[in-house]
Amino acid sequence: SLARDTEFKVVTAPSLSTACCAGQGCFFTAMKGSGMAFLNVGGTVVERELEVGEQLVLDDTSLVAWEPTVQLDTVRAGGVGVMCCGGQGLFNAVLT
């Protein structure tokens, strides 16, 4: 981060299902401050602002960062056939 007031802290996952199935683990690294931060990620990065009540369902390994006002949860990827043979895993991340 380029700012002097940047703070880092460790935050626990909001629920057991999120910790186990959202692809982010039991703990998150939270960053707070002003200025610009650089994150190292692979693939295409898309910034998306959610409307009130809007949900975004995505592959759990595609999630990089989100605002504290966004709630992270999980949903099953589909039926047994999709979960076993679709190559998408068992769960998807849901941002609200």
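# Notebook: a walk through one chain

**Entry 1, contacts across the sequence.** I began with contacts in the chain between residues at least 6 apart in sequence, and found that 53% of them join residues at least 24 apart. A reminder to myself: this is a predicted model.

**Entry 2, the parts list.** Next I looked up the secondary structure, which comes to two helices and five strands. I then read along the sequence and wrote down the pattern β-α-β-β-β-α-β.

**Entry 3, inside and outside.** How much of the chain counts as buried? I noted 21% of the 96 residues. For the surface, I wrote that the chain exposes about 7300 Å², and that carbon and sulfur atoms supply 55% of this area.

**Entry 4, the sheet.** I turned to an open sheet of three strands and traced its order as β3-β5-β4, with antiparallel pairing. Which strands stand at the edges? I found β3 (56-59) and β4 (72-76) there. Each has a single partner strand, so one side of each is left without a neighbour in the sheet. I also looked up the twist, which averages 35° from one strand to the next.

Then I followed one pairing in detail. Four bridges join β3 to strand β5 (residues 91-95), and the two run antiparallel. As a landmark for this pairing, I marked leucine 58, which stands opposite alanine 93 in β5.

**Entry 5, a charged pair.** How many salt bridges are there? My count came to one salt bridge. I found the side chains of arginine 48 and glutamate 54 meeting in it, at 2.5 Å from N to O. I checked how open each partner is. Glutamate 54 has a relative accessible area of 22%, so I logged this residue as partly exposed, given that buried means under 20%. Arginine 48 is partly exposed too, with a relative accessible area of 48%; exposed would need over 50%.

**Entry 6, two rings.** I searched for aromatic pairs and the structure holds one. Its members are phenylalanine 28 and tryptophan 66, set edge-to-face. I wrote down 5.3 Å centre to centre and 85° between the planes; planes over 60 degrees apart count as edge-to-face, which is why I used that label. The pair links distant parts of the chain, with phenylalanine 28 in strand β2 (residues 27-32) and tryptophan 66 in the loop between β3 and β4, 38 residues apart.

Are the two partners buried or exposed? Phenylalanine 28 is buried, with a relative accessible area of 13%, whereas tryptophan 66 counts as partly exposed at 27%.

**Entry 7, more on tryptophan 66.** I stayed with this residue and listed its contacts, leaving aside neighbours within four places in sequence. Tryptophan 66 is in contact with Gln24, Phe28 and Leu72. I also looked up its distance to leucine 95: the two are 29 residues apart in sequence and 8.7 Å apart in space, C-alpha to C-alpha.

**Entry 8, glutamine 71.** My last stop was glutamine 71, found in the loop between β3 and β4. What does glutamine 71 contact, leaving aside its neighbours within four places in sequence? I listed Val94, Leu95 and Thr96. For valine 94 I added the C-alpha to C-alpha figure: glutamine 71 and valine 94 are 8.0 Å apart in space and 23 residues apart in sequence.

How values were computed
Residues numbered from 1 in each chain as written. Predicted model: local features only at pLDDT ≥ 70, side-chain atom pairs only at ≥ 80, totals over all residues. Heavy atoms only, no water. Pairing = 2+ DSSP bridges. Axes fitted to C-alpha atoms, helices over the stretch in contact; angles between N-to-C directions. Buried < 20%, exposed > 50% of the residue type's maximum accessible area, 1.4 Å probe, protein only. Contact = heavy atoms within 4.5 Å. Areas by Shrake-Rupley, 256 points an atom, 1.4 Å probe, with all protein chains shown as cover. Salt bridge = Lys/Arg side-chain N within 4 Å of Asp/Glu carboxyl O. Phe/Tyr/Trp six-rings, centres within 6.5 Å; stacked < 30°, edge-to-face > 60°.
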